[in-house]
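Hi there,

Here is the structure I promised to pass on. Have a look at it first, and then read on for what turned up.

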Amino acid sequence: MIKGKIVFITGATSGIGYATAIKFAEEGARLILSGRREDRLIKMSTEIKEKYHVDVFTLVLDVQKRSTLSIMDRIPTEWQQIDILVNNAGLAAGMGPLHEGNPDDWDQMIDTNVKGLLWMSRAIIPGMVERKQGHIINIGSIAGKETYANGNVYCATKHAVDSLNKAMRIELVNYGIRVTLIAPGAAETEFSEVRFKGNKEMAKKVYEGYMPLQADDVADAIYYVASRPDHVCINEMIVMPTAQANTVHWNKR
Ligand code: NDP
Ligand code: 8X3
């Protein structure tokens with residue numbers, strides 16, 4: 001039962017995070033939505049409140065910042081009992097061989113995908129431990145299960161998410177807290193536009209010749225794992241486009 005639960009989604013301003021916010025709003029959750037783009041947060045908060053009549057609290061948050069560790073100080077008391085944390089904020093920056101890589105891109109991916117997830121988890125999980133209740137849903141990737149050419153550092157960050165997901169489950173099992181990894185394949189969001197630094201042509205090519213996942217498909221998977229009975233934990237879910245067998249084999253027209 002999701003109605004009334006407090007769900008904290010990072011990276012809610014776009015793609016999978018945005019679709020997840022809508023999905024949980026449809027089911028009556030109370031939403032804490034965060035991201036760096038305040039204008040988007042304000043717009044989506046207004047729309048969600050009007051359309052779904054649920055409570056929304058927004059937080060402008062750059063998860064790269066170590067100050068994320070004190071995020072609870074920015075959350076009003078009535079919002080502090082977080083039931084579900086969706087560690088979704090993430091990105092790929094650039095694509096190319098490691099020996100030609102841009103260290104600024106590496107910093108951004110490591111600081112967002114790995115350290116951001118750590119700051120968030122360190123800040124939110126203690127409350128769940130105290131209450132002996134909660135669900136952490138980490139958004140990994142097929143890139144955390146396999147490594148593909150020119151994806152080196154992005155793949156490494158998602159492998160780290162995979163590993164941290166396992167660590168959390170082991171360390172939280174005694175507290176009745178569920179931990180789930182959602183590992184999607186190619187999903188058509190702003191992901192590739194971000195990866196290729198705003199180059200829309202290159203981004204479009206990633207999704208040509210087959211039907212990629214849509215953000216809603218991944219949001220459905222997130223909602224599915226969150227809405228199982230309390231005694232059921234889906235440890236991991238790999239969600240792929242039917243046309244993508246793995247990071248190498250595709251059925252493209
Ligand atoms: P989008 O680019 O559409 O969305 C990414 C979200 O992350 C945005 O809301 C963005 O918000 C947020 N974000 C990025 N950096 C930061 C930051 N430093 N602090 C806070 N928020 C941040 O991509 P997706 O929806 O596709 O990506 C969501 C997650 O899914 C990522 O972790 C990605 O790695 C993963 N994923 C994506 C796949 C795909 O093919 N699309 C496949 C597998 C996994 P803002 O810019 O406002 O901060
Ligand atoms: C995003 C999917 O295959 O482009 O995590 O790395 S992929």
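**Around ligand 1**

Among the 30 residues around ligand 1, the ones that come nearest are Thr-13, Ser-14, Arg-36, Tyr-154 and Thr-189. Please keep in mind throughout that this is a predicted model.

Two of the polar contacts to ligand 1 involve side chains. In the side chain of Ser-14, an N or O atom is 2.5 Å from an oxygen atom of ligand 1. Thr-189 has a polar side-chain atom 2.6 Å from an oxygen atom of ligand 1. Glu-190 takes part through its backbone, with an N or O atom 3.1 Å from an oxygen atom of ligand 1. On its own, ligand 1 exposes 880 Å², and 96% of that is buried by the protein.

**Around ligand 2**

The neighbours of ligand 2 are Ser-141, Ile-142, Ala-143, Tyr-148, Tyr-154, Phe-191 and Arg-195. Tyr-154 is also listed among the residues that come nearest to ligand 1. Three side chains reach oxygen atoms of ligand 2: a polar atom of Ser-141 lies 2.5 Å away, an N or O atom of Tyr-148 is 2.5 Å away, and an N or O atom of Tyr-154 is 2.6 Å away. Taken alone, ligand 2 exposes 240 Å², of which the protein buries 82%.

**The strands and their crossovers**

Let's start with strand E2 (residues 30–35). Five of its six residues are buried, so E2 is largely enclosed by the rest of the structure. Strand E1 (residues 6–9) runs parallel to E2 and is joined to it by four bridges; Val-7 has Leu-31 of E2 as its bridge partner. Together with helix H1 (residues 15–26), E1 and E2 make a right-handed β-α-β unit.

E2 also pairs with strand E3 (residues 56–60), again in the parallel sense, over five bridges. Here Ser-34 is the bridge partner of Leu-59 in E3. To get from E2 to E3 the chain crosses through helix H2 (residues 38–52), and this β-α-β crossover is right-handed.

Strand E4 (residues 84–87) is covered on both faces: Ile-84 and Val-86 are buried on one side, and Leu-85 and Asn-87 on the other. As a reminder, side chains in a regular strand alternate between the two faces of the sheet. E4 is joined to E1 by three bridges, and the two run parallel, with Phe-8 opposite Leu-85. E4 pairs in the parallel sense with strand E5 (residues 134–139) as well, over four bridges, and there Leu-85 has Ile-136 as its bridge partner. Helix H3 (residues 103–131) completes a right-handed β-α-β unit with E4 and E5.

**A loop residue and the cysteines**

Which loop holds Ala-12? Ala-12 sits in the one between E1 and H1. With a relative accessible area of 0%, Ala-12 is buried. Its C-alpha atom is separated by 9.2 Å from that of Met-44, 32 residues apart along the chain.

How many disulfides are there? The count comes to zero, taking a pair of cysteine sulfur atoms within 2.5 Å as the rule. As for the cysteines themselves, Cys-155 has 1% relative accessibility, so it counts as buried. Cys-233, with a relative accessible area of 29%, is partly exposed.

Happy reading, and best wishes!

Notes:
Residues numbered from 1 in each chain as written. Chains lettered and ligands numbered in written order. Predicted model: local features only at pLDDT ≥ 70, side-chain atom pairs only at ≥ 80, totals over all residues. Heavy atoms only, no water. Buried < 20%, exposed > 50% of the residue type's maximum accessible area, 1.4 Å probe, protein only. Pairing = 2+ DSSP bridges. Right-handed = clockwise from strand over helix to strand, strands pointing away. Near = heavy atom within 4 Å. Polar contact = N/O pair within 3.5 Å; in protein donor to acceptor, adjacent residues only side chain to side chain. Areas by Shrake-Rupley, 256 points an atom, 1.4 Å probe, with all protein chains shown as cover.
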